[in-house]
Amino acid sequence: ELFVCRNAGNIVPPHTNQTGGMTASIEFAVGALRIPNIVICGHTQCGAMKGAMNRAALTSLPHVREWLGYAQGAVDITEALGGGLDPEAKMRMLLEQNVILQLQHLKTHPTVAVALAQKALTLHGWVYDIKTGEVEAYDEASQTWVPVEERYAAELGAGAVLHRHAG
């Protein structure tokens, strides 16, 4: 039971009064379907994030260049904080920073803001490693990335206890 919205760079534009497909999908999923969780999931080897690091080179893809502008904050953070990193570590930082930025954009959508205020919605940030199959989740409280098993251990444990007692 998933409502999936996929796009280049796992971008969520900040809310505006301009209607777009992503904005309408978010509004429908949260406002009509009352989904309880939203996951922004980036992945390694992401061509969109490679493009975001060098948007000027995307002259033959003007719409892609403009779309990736929604990741510019993540690029700027990565450039400011990751100057001494090797290219692989720098790309990983960009992937993580982009997921965090898109979560911030998501919070600007009115239906999301209301659902968050009502404690009816939880936001999750993940990065999927294509080579290893591992997924790391963002822990907003500690501002760190941890394996999903660790991040959701308490919830999984509670679910297992509830499941055992329900039978």
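The following questions and answers concern a predicted model of a single chain.

User: How many helices and strands are there in the chain, and what pattern does the chain follow along the sequence?

Analyst: The chain holds eight helices and four strands. Read along the sequence, these elements give the pattern α-β-α-α-α-α-α-β-β-β-α-α.

User: What is the radius of gyration of the chain, and how does the globule rule bear on it?

Analyst: The C-alpha atoms occupy a box of roughly 60 × 40 × 25 Å along the principal axes. For 167 residues the globule rule gives 15 Å, and the value for the chain is close to this, so the chain is as compact as a globular protein of that length. The radius of gyration is 17 Å.

User: What percentage of the contacts with a separation of 6 or more is accounted for by residues 24 or more positions apart?

Analyst: Of the 167 residues in the chain, 35% are buried. The chain exposes about 10,300 Å², of which carbon and sulfur atoms supply 56%. Among the contacts with a separation of 6 or more, the share of residues 24 or more positions apart is 59%.

User: Over which residues does pLDDT stay under 50?

Analyst: The chain has an average pLDDT of 93, and 94% of the residues score at least 70. The stretch in question has zero contacts beyond four places in sequence in the model. It comprises residues 161–167.

User: Which residues of helix H4 are buried, and what arc do they cover around the axis?

Analyst: Helix H4 spans residues 72–81, and its buried residues are Ala74, Val75 and Thr78. An α-helix has 3.6 residues a turn, so residues three or four places apart point the same way. The buried residues lie on the same side of H4, because the arc that they cover is only 100°.

User: Which exposed residues does H4 carry on the face turned away from its buried side?

Analyst: On the buried side, the cover includes helix H2 (47–52) and helix H5 (87–106). The face turned away from that side carries the exposed residues Ala80 and Leu81.

User: Is His105 buried or exposed?

Analyst: His105 lies in helix H5. Leaving out residues up to four places away in sequence, His105 touches Val12, Pro13, Pro14 and Tyr70. Its relative accessible area is 11%, below the 20% cut-off, so His105 is buried.

User: How far apart in space are Leu106 and His15, C-alpha to C-alpha?

Analyst: Leu106 is placed in helix H5 and is buried, at a relative accessible area of 1%. Beyond its neighbours within four places in sequence, Leu106 is in contact with Val12, Ile26, Ile38, Ile40, Val112 and Leu123. In sequence, Leu106 and His15 are 91 residues apart. In space, their C-alpha atoms are separated by 7.7 Å.

User: What is the relative accessibility of Val112?

Analyst: Val112 belongs to helix H6 (residues 110–117). Excluding residues up to four places away in sequence, Val112 touches Ile26, Val30, Ile38, Leu106, Lys107, Leu121 and Leu123. One of these, Ile38, is 74 residues away in sequence and 9.6 Å away in space, C-alpha to C-alpha. Val112 counts as buried because its relative accessibility is 0%.

User: Which geometry does the aromatic pair of Trp67 and Tyr70 have?

Analyst: A search of the whole structure finds four aromatic pairs, among them that of Trp67 and Tyr70. Trp67 is partly exposed at 25% relative accessible area, and Tyr70 is likewise partly exposed at 33%. The ring centres are 5.6 Å apart and the planes meet at 80°; an angle over 60 degrees counts as edge-to-face, so the pair is edge-to-face.

User: Where is Arg34 found, and what is its phi?

Analyst: Arg34 is found in the loop between helix H1 (21–32) and strand S1 (37–43). Arg34 is exposed, with a relative accessible area of 61%. Most residues other than glycine have a negative phi. The phi of Arg34 is positive, near 55°.

User: What is the phi of Gln143, and is Gln143 buried or exposed?

Analyst: Gln143 is situated in the loop between strand S3 (135–139) and strand S4 (144–147). Although Gln143 is not a glycine, its phi is positive, at about 55°. Its relative accessibility is 62%, over the 50% cut-off, so Gln143 counts as exposed.

Key: Residues are numbered from 1 along each chain as its sequence is written. This is a predicted model: local features need pLDDT of at least 70, side-chain atom pairs count only at pLDDT 80 or more; totals for chains, interfaces and linings use all residues. Side-chain values use heavy atoms; hydrogens and water are left out. Helices (H or I, at least four residues) and strands (E, at least two) are DSSP runs, numbered from the N terminus. Buried means under 20% relative accessible area, exposed over 50%, partly exposed in between (1.4 Å probe, protein chains only). The arc is that of the directions from the helix axis to the C-beta atoms. Contact means heavy atoms within 4.5 Å. Rings of Phe, Tyr and Trp (its six-membered ring) pair if their centres lie within 6.5 Å; planes under 30 degrees apart count as stacked, over 60 as edge-to-face and the rest as tilted. pLDDT is the predictor's confidence in each residue, from 0 to 100. The radius of gyration is taken over C-alpha atoms; the globule rule is 2.2 Å times the number of residues to the power 0.38. Accessible areas come from the Shrake-Rupley method with a 1.4 Å probe; for residues, only the protein chains shown count as cover.
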